[in-house]
Amino acid sequence: MDPKRKKDCHDSGESTRVASTFPDEVLERVLALVKSHKDRSSVSLVCKDWYDAERWSRTHVFIGNCYSVSPEIVVRRFPNVRSVTLKGKPRFSDFNLVPPNWGADIRCWLVVFAAKYRCLEELRLKRMTVSDESLEFLALSFPNFKALLLHSCDGFSTDGLAAIATHCKNLTELNIQENDIYDKSGCWLSCFPENFTSLEVLNFAYLNNDVNFEALERLVSRCKSLNVLKVNKNITLEQLQRLLICAPKLTELGTGSFLPELTDRQYSELKRSFSICSNLNVLSGLSEATALYLPALYPACTNLTFLNLSDAALQSEEFAKLLVHCPRLRRLWVLDTVEDKGLEAVGSNCPLLEELRVFPSDPYEEGIVHGVTESGFIAVSYGCRRLHYVLYFCRQMTNAAVETIVQNCPDFTHFRLCIMTPCQPDYRTNEPMDKAFCAVVKTCTKLRRLAVSGLLTDMTFEYIGKYAKNLETLSVAFAGSSDWGMQCVLGGCRKLRKLEIRDCPFGNAALLSGFEKYESMRSLWMSDCKVTMNGCRFLAKEMPRLNVEVMKEDGSDDSQADKVYVYRSVAGPRRDAPPFVLTL
């Protein structure tokens, strides 16, 4: 073993651990094959030698909360990292519940990485604040940088993307997903050097402005290894056809708009271009798709395993015709415009389906004009017995329907039912939806993630605590009767890692019942509940290794705790908290 590494082992305070009988080189080669973060963490606890070998062989780090640890601690613990995945703001920031300028800035991480991880190749960020200056610093600081993913990030513009394109000579992936980006112009694509050929993944589907199509076409033509291309809705069908000719080996495609009219010759060329995309297994985009041009896709659908129609307001008839050509689908995302008839077609044509997400086309629309109900969900469950992941937005549901669904598909690991009207009962019996979710947790023993909705009493939470022994993430909104319900959850769900609660009657007793749980959890979020500042202060006093943060946009310290965010941290209270975040 390297003498420096021997010294690091001794200094780490791990000398009391049992020594390993494996040679260091053999152990490190074995650990290099272990990819699971959980498994590697378990390995590091076996003994001193395993801890050290895991430390030096770790090349990828996943950090689920950027404030749970400091960058200095990360680089000290793992000196040879090449890839970092980092998450920032709480998930409820997606629903505008986290105030602007809350934090999670990537800059301090980049400064430390630039000093210690000069060979960093990949950075995957979610809900982080990323400035143009940070992107330029990134591009200039890591000569071997290859992959950047920005998901639900904010603070940057296309100028930052231009810096990445200009300076990252070895870039293989540029993936921009659902970000709050200042889209200045499409000229950033022109910043890739004319001799640049390494790109394998390019995704700018969520940018709004036109791009320089000539620059895009030249880039796609040069990058012979490109296998993922997702363009924005300003790319026309005629332009898409030209891109497909340049990249016939794509495995993932996100199209632009399907609305512009084509001549018969252009349509034939488009259909011919799709027919040579025999490797395509992921298809998304189809913005403003109409029945007129959808048949052009049919030749490319045979091998699709993932069809993302969350931007395409298809009607049931045209949707059903498309599904006939997708016999191998395992993942499907759709809007509720497909209605129950469309979901019946899913049940009839997609026997291999494992994941279904149904999003609302207009979540703020009053009245039930269109959408999906329990009928469509039941039809899917009868035809897709492998289904184990569902996110289902609907305007009505019944207990009996959910009971039938989980009987048909008992292997759910993720069950997220979102009845859009808060506190909505079983619309047939006018009873609470308790029986539905009790059936879910009793029947689905592999359940890891659950989101509940509708009119619920403490009975639901009693059953969750009693039966959901593998549950890791629970999301609750507009539900519950008293603190006792949440006490059941915190007392019973031994594997719980994330708990998200909003607009519920839970107060201090519920909050303080988690003493034995919070240090093993990643985070707790409570907003618009009955928690008080005194309750939060007591929690912070009794659990000093937790960060207890209360968000008050007016900066006041009155009795009510509006938004509470609790998470474990080995770095202590964060140093960049804005005035409206009170760290207790």
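The exercises below, each with a worked solution, concern a predicted model of a protein chain.

**Exercise 1. Overall form**

Determine how the radius of gyration of the protein chain compares with the globule rule.

Solution.
- Begin with the secondary structure: the protein chain has 21 helices and 23 strands.
- The radius of gyration is 25 Å, and the globule rule gives 25 Å for 584 residues.
- The two values are close, so the chain is as compact as a globular protein of that length.
- Along the principal axes, the C-alpha atoms fill a box of roughly 75 × 70 × 55 Å.

**Exercise 2. Inside and surface**

State what percentage of the residues is buried, and what percentage of the accessible surface belongs to carbon and sulfur atoms.

Solution.
- A residue counts as buried when its relative accessible area is under 20%.
- By this cut-off, 55% of the 584 residues are buried.
- The accessible surface comes to about 24800 Å², and carbon and sulfur atoms hold 50% of it.
- Turn next to contacts with a separation of 6 or more: 70% of them link residues 24 or more positions apart.

**Exercise 3. Strand β15 and its neighbours**

Decide whether strand β15 (residues 389-394) is enclosed or open, and describe which strands pair with it.

Solution.
- Count the buried residues: 6 of the 6 in β15 are buried, so the strand is largely enclosed by the rest of the structure.
- Sort the side chains by direction: Tyr389, Leu391 and Phe393 point one way, while Val390, Tyr392 and Cys394 point the other way.
- Residues on both of these sides are buried.
- Look for partners: strand β14 (residues 355-359) runs parallel to β15 and is joined to it by 4 bridges.
- Strand β16 (residues 414-419) also pairs with β15 in the parallel sense, over 6 bridges.
- Take Leu391 as an example: Arg357 stands opposite this residue in β14, and Arg416 is its bridge partner in β16.
- Follow the chain from β15 through helix α15 (residues 399-408) to β16: these elements make a right-handed β-α-β unit.

**Exercise 4. Cysteines**

Find how many disulfides the structure holds, then examine Cys153 and Cys301.

Solution.
- A disulfide is a covalent bond between the sulfur atoms of two cysteines.
- The search of the whole structure finds 0 disulfides.
- For Cys153, the nearest cysteine sulfur belongs to Cys66 and is 11 Å away.
- Cys153 has 1% relative accessibility, so this residue counts as buried.
- For Cys301, the closest cysteine sulfur is in Cys326, at 4.0 Å, which is too far for a bond.
- The cut-off for a disulfide is sulfur atoms within 2.5 Å.
- Cys301 is buried too, with a relative accessible area of 0%.

Methods. Residues are numbered from 1 along each chain as its sequence is written. This is a predicted model: local features need pLDDT of at least 70, side-chain atom pairs count only at pLDDT 80 or more; totals for chains, interfaces and linings use all residues. Side-chain values use heavy atoms; hydrogens and water are left out. Buried means under 20% relative accessible area, exposed over 50%, partly exposed in between (1.4 Å probe, protein chains only). Helices (H or I, at least four residues) and strands (E, at least two) are DSSP runs, numbered from the N terminus. Two strands pair if DSSP finds at least two bridges between them. A crossover is right-handed if, with the strands pointing away from the viewer, the path from the first strand over the helix to the second runs clockwise. The radius of gyration is taken over C-alpha atoms; the globule rule is 2.2 Å times the number of residues to the power 0.38. Contact means heavy atoms within 4.5 Å. Accessible areas come from the Shrake-Rupley method with a 1.4 Å probe; for residues, only the protein chains shown count as cover.
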